[in-house]
Amino acid sequence: ERADVWRGGELARAPLPGVSTGFAELDRELPGGGWPRACLTELLPVRHGVGELSLLLPALARLSNELLWLVCVAPPHPLYAPALQAAGVDLSRLLVASAPGRDAAWACERALATESVGAVVAWLPDAQAGLLRRLQLAAEASRTLLFVFRPADCAAQPSPAPLRLLLETAGEQFVVRLLKRRGGAQSTLLTLAIRRPLSTAHALACSLPAAPGARSVSQ
């Protein structure tokens with residue numbers, strides 16, 4: 001009956017309800033029926049700019065409209081505010097921390113320990129297992145969604161993240177492979193239709209200056 005114990009052939013029962021990903025086929029494959037709270041989710045795109053942030057936008061929009069804060073830590077490119085706004089994200093609830101090196105992990109831990117933070121999204125390409133373990137423990141002590149982007153090459157490395165997804169594109173479709181989850185193995189690929197507004201098709205991975213609205217926070 002314990003939520004932290006599961007049978008190998010079944011999906012685990014999440015201790016907290018998940019936040020819907022916005023994609024029914026993906027929700028069905030995740031314990032809790034969505035992105036898990038109080039948990040480290042590791043996202044491994046095959047390269048920058050495959051639309052990786054678009055996968056999170058439905059959940060981020062929902063959280064921001066519930067007046068929860070969104071904290072983005074060390075994004076590799078400036079976030080393009082009009083694209084976020086077009087996806088429904090409330091820019092007044094967005095914080096961007098340009099924290100270099102080890103400061104990025106510190107910023108994540110501080111955000112996870114802060115009340116009213118709904119999600120932390122971090123880019124930590126050089127994170128080692130020990131640091132990821134620290135972040136997983138910090139996430140467990142909160143109710144916050146924690147997403148960490150790392151290169152696809154890290155898929156072969158062990159990780160304490162309970163949920164790991166490999167991300168790539170196939171034409172106009174977004175392809176997700178579940179590498180690890182609490183429950184039965186997932187051997188097939190999920191193909192998702194990601195909505196990309198025509199005016200902001202590449203906005204989430206470009207280096208254009210961020211529009212006013214998103215707040216930038218330095219250390």
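These are my notebook entries on what I looked up in this predicted model.

**Entry 1: the whole chain**

I began with the overall make-up and found that the chain has five helices and nine strands. Reading along the sequence, I wrote down the pattern as α-β-α-β-α-β-α-β-α-β-β-β-β-β. I then looked up burial, and of the 219 residues in the chain, 46% count as buried. I also looked at contacts between residues at least 6 apart in sequence, and among these 69% join residues at least 24 apart.

**Entry 2: strand 5**

Next I asked myself how many residues of strand 5 are buried. The count came to five of the five, so strand 5 is largely enclosed by the rest of the structure. When I followed the directions of the side chains, I noted that Leu 145, Phe 147 and Phe 149 point one way, while Leu 146 and Val 148 point the other way.

I then looked up the pairing of this strand, and found that strand 1 pairs with strand 5 in the parallel sense, over five bridges. Within that pairing, I recorded Val 148 as the bridge partner of Glu 42. Strand 4, residues 117-123, also runs parallel to strand 5 and is joined to it by five bridges. Here I noted that Leu 146 of strand 5 has Val 120 standing opposite.

**Entry 3: helix 5**

I turned to helix 5 after seeing that strand 4, helix 5 and strand 5 make a right-handed β-α-β unit. Helix 5 covers residues 129-140, which is 12 residues, and I found that the span from its first C-alpha to its last is 16 Å, close to the 16 Å expected at 1.5 Å a residue.

Which residues of helix 5 are buried? I listed Leu 132, Leu 135, Gln 136 and Ala 139. They cover an arc of only 105 degrees around the axis, and I therefore placed them on the same side of helix 5. Looking for what covers these buried residues, I found that the cover includes strand 1 (39-45), helix 4 (102-112) and strand 5.

**Entry 4: Ser 159**

I then looked up Ser 159, which is found in the loop between strand 5 (145-149) and strand 6 (163-170). Is Ser 159 buried or exposed? The relative accessible area of Ser 159 is 12%, and because buried means under 20%, I entered Ser 159 as buried.

I followed the side chain of Ser 159 to two places: it makes a polar contact with the side chain of Glu 42 at 2.6 Å, and it reaches the backbone nitrogen of Ala 161 at 3.1 Å. Glu 42 had already appeared in my notes as the bridge partner of Val 148. Leaving aside residues up to four places away in sequence, I found that Ser 159 touches Glu 42, Leu 132, Arg 164 and Lys 180. One of these, Leu 132, is on my list of buried residues in helix 5.

**Entry 5: Ala 74**

Last, I looked up Ala 74, which lies in the loop between strand 2 (69-73) and helix 3 (81-86). Its relative accessibility is 21%, and I therefore entered Ala 74 as partly exposed, since only values under 20% count as buried.

I then looked up how Ala 74 sits relative to Leu 124, and found that the two are 50 residues apart in sequence but 7.6 Å apart in space, C-alpha to C-alpha. With residues up to four places away in sequence not counted, Ala 74 touches Ala 97, Ala 99, Ala 104 and Trp 123.

Key
Residues are numbered from 1 along each chain as its sequence is written. This is a predicted model: local features need pLDDT of at least 70, side-chain atom pairs count only at pLDDT 80 or more; totals for chains, interfaces and linings use all residues. Side-chain values use heavy atoms; hydrogens and water are left out. Helices (H or I, at least four residues) and strands (E, at least two) are DSSP runs, numbered from the N terminus. Buried means under 20% relative accessible area, exposed over 50%, partly exposed in between (1.4 Å probe, protein chains only). A polar contact is a pair of N or O atoms within 3.5 Å; within protein, one must be able to donate a hydrogen and the other to accept it, and residues adjacent in sequence count only if both atoms are side-chain atoms. Contact means heavy atoms within 4.5 Å. The expected span of a helix is 1.5 Å times one less than its number of residues. The arc is that of the directions from the helix axis to the C-beta atoms. Two strands pair if DSSP finds at least two bridges between them. A crossover is right-handed if, with the strands pointing away from the viewer, the path from the first strand over the helix to the second runs clockwise.
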